[in-house]
Amino acid sequence: VVVFDSGGMDWKQYDWSKVTTIVAFGKYDRELLCHAHANNVRVVLKATITQQNWINQKKRETWIKKKVLLARKHFMDGINLEMWDVLKPGSESYHALSYLVQETAHIFHREIPGSQVTFNVPWSPHCEIGRCYDYVAIANSCDFLHVMSFDIERRALGDCLAKPNAPYNQTLAGLSAYINLGIDSKKLIIGVPWYGYDYTCQRFLE
């Protein structure tokens, strides 16, 4: 079980016999880190990638080195990468992102032995909301892909209608699509939503 922890004290209620990794994107909590390590659980950085960080190789190297130093400083066990930019397949940015993930994994694994490098991907690889990445290359470079099988309707193009957060058929179809690309199913971690939304009715369609 991988937990995305946004801060606070909820971690004291985790079932530590099930958790394997915590992705920390809240305020740094040394107590959480120590408790996790005492239970043989990894704590990894959360890093959002922007285009200014990956097009130029030297900028990529500088960005990665800063993340490695930050992880070392706080005794963390790796990094979780996330990117939201819209990319055109085959473009310079498209390939540069794959290089960034590959270089990040190589450097983290070398500088922090046993570290874990993961990447967050949409619920489906079919260029959902313009996020067209080379998912096969990214999967080959990092340890796992976190498939964000939630907010599926809210991230869809067009009108956002009151529907399930993570429809079963779409969730299964998205995972199957990654596997059909040739990505090892053992590298896919399904993201489960533990929340829902209240929709204010504006008009009835039926």
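**Loops, core and ring cluster of a predicted model**

Asn40 sits in the loop that runs between α1 (30-38) and β3 (42-49). The model described here is predicted. Asn40 is exposed, because its relative accessible area is 72% and the cut-off for exposed is over 50%. Its backbone has a phi near 60 degrees, a positive value in a residue other than glycine. Most residues other than glycine have a negative phi. A second positive value occurs at Phe75, where phi is near 55 degrees. Phe75 also belongs to a loop, here the one between α2 (57-73) and β4 (78-83). Phe75 is exposed, with a relative accessible area of 52%. Asn40 and Phe75 are thus two exposed loop residues with positive phi.

The overall fold comes next. The protein contains five helices and seven strands. Along the sequence, these elements follow the pattern β-β-α-β-α-β-α-β-α-β-α-β. The radius of gyration is 18 Å. The globule rule gives 17 Å for 206 residues, so the protein is as compact as a globular protein of that length. Its C-alpha atoms fill a box of roughly 55 × 45 × 30 Å along the principal axes. Of the 206 residues, 43% are buried. The exposed surface amounts to about 11800 Å². Carbon and sulfur atoms supply 53% of that surface. Contacts reach far along the chain. Among those between residues at least 6 apart in sequence, 65% join residues at least 24 apart.

The interior holds a nonpolar core. The largest such core has 47 residues. Those with the most contacts inside it are Ile22, Ile49, Leu81, Leu97, Phe119 and Leu145. Helix α3 (residues 92-111) gives the most to this core, with seven residues. Ile49 shows how such a core residue is surrounded. Beyond its neighbours up to four places away in sequence, Ile49 touches Leu81, Leu97 and Phe119, among others. Leu81, Leu97 and Phe119 are themselves on the list of residues with the most core contacts. The contacts of Ile49 also include two tryptophans, Trp54 and Trp63. Leu100 and Met83 are further partners. Two acidic residues, Glu82 and Asp85, touch Ile49 as well.

Phe119 leads from the core to the aromatic residues. Phe119 is buried, with a relative accessible area of 0%. The structure holds six aromatic pairs. In one of them, the rings of Phe119 and Tyr133 have their centres 6.3 Å apart. Their planes lie at 85 degrees, so the pair is edge-to-face, since planes over 60 degrees apart count as such. This pair links distant parts of the chain, 14 residues apart. Phe119 belongs to strand β5, while Tyr133 lies in the loop between β5 and α4 (135-141). Tyr133 is buried, with a relative accessible area of 5%. Tyr133 also pairs with Tyr135. Here the ring centres are 5.6 Å apart and the planes are at 50 degrees, so the pair is tilted. Tyr135 is buried too, as Tyr133 is. Ring pairs link Phe119, Tyr133, Tyr135 and Tyr178 into a cluster.

Strand β5 (residues 116-122) also holds a polar residue, Asn120. Asn120 is buried, because its relative accessible area is 1% and the cut-off for buried is under 20%. Its side chain makes a polar contact of 3.2 Å with the side chain of Glu82. Glu82 is also among the residues that touch Ile49. Leaving out residues up to four places away in sequence, the contacts of Asn120 include Asn80, Leu81 and Glu82. Phe4, Lys46, Arg131, His146 and Met148 touch Asn120 as well. Leu81 is therefore a partner of both Asn120 and Ile49.

The last site lies in helix α5 (residues 168-180), which contains Gln170. Gln170 is partly exposed, with a relative accessible area of 27%. Outside its neighbours within four places in sequence, Gln170 is in contact with Trp123, Ile152 and Glu153. Gln170 and Asn56 are 114 residues apart in sequence. In space, their C-alpha atoms are 36 Å apart.

Note on methods: Residues are numbered from 1 along each chain as its sequence is written. This is a predicted model: local features need pLDDT of at least 70, side-chain atom pairs count only at pLDDT 80 or more; totals for chains, interfaces and linings use all residues. Side-chain values use heavy atoms; hydrogens and water are left out. Helices (H or I, at least four residues) and strands (E, at least two) are DSSP runs, numbered from the N terminus. Buried means under 20% relative accessible area, exposed over 50%, partly exposed in between (1.4 Å probe, protein chains only). A polar contact is a pair of N or O atoms within 3.5 Å; within protein, one must be able to donate a hydrogen and the other to accept it, and residues adjacent in sequence count only if both atoms are side-chain atoms. Contact means heavy atoms within 4.5 Å. A nonpolar core is a set of buried Ala, Val, Leu, Ile, Met, Phe, Trp, Tyr and Cys residues joined through side-chain atoms within 4.5 Å. The radius of gyration is taken over C-alpha atoms; the globule rule is 2.2 Å times the number of residues to the power 0.38. Accessible areas come from the Shrake-Rupley method with a 1.4 Å probe; for residues, only the protein chains shown count as cover. Rings of Phe, Tyr and Trp (its six-membered ring) pair if their centres lie within 6.5 Å; planes under 30 degrees apart count as stacked, over 60 as edge-to-face and the rest as tilted.
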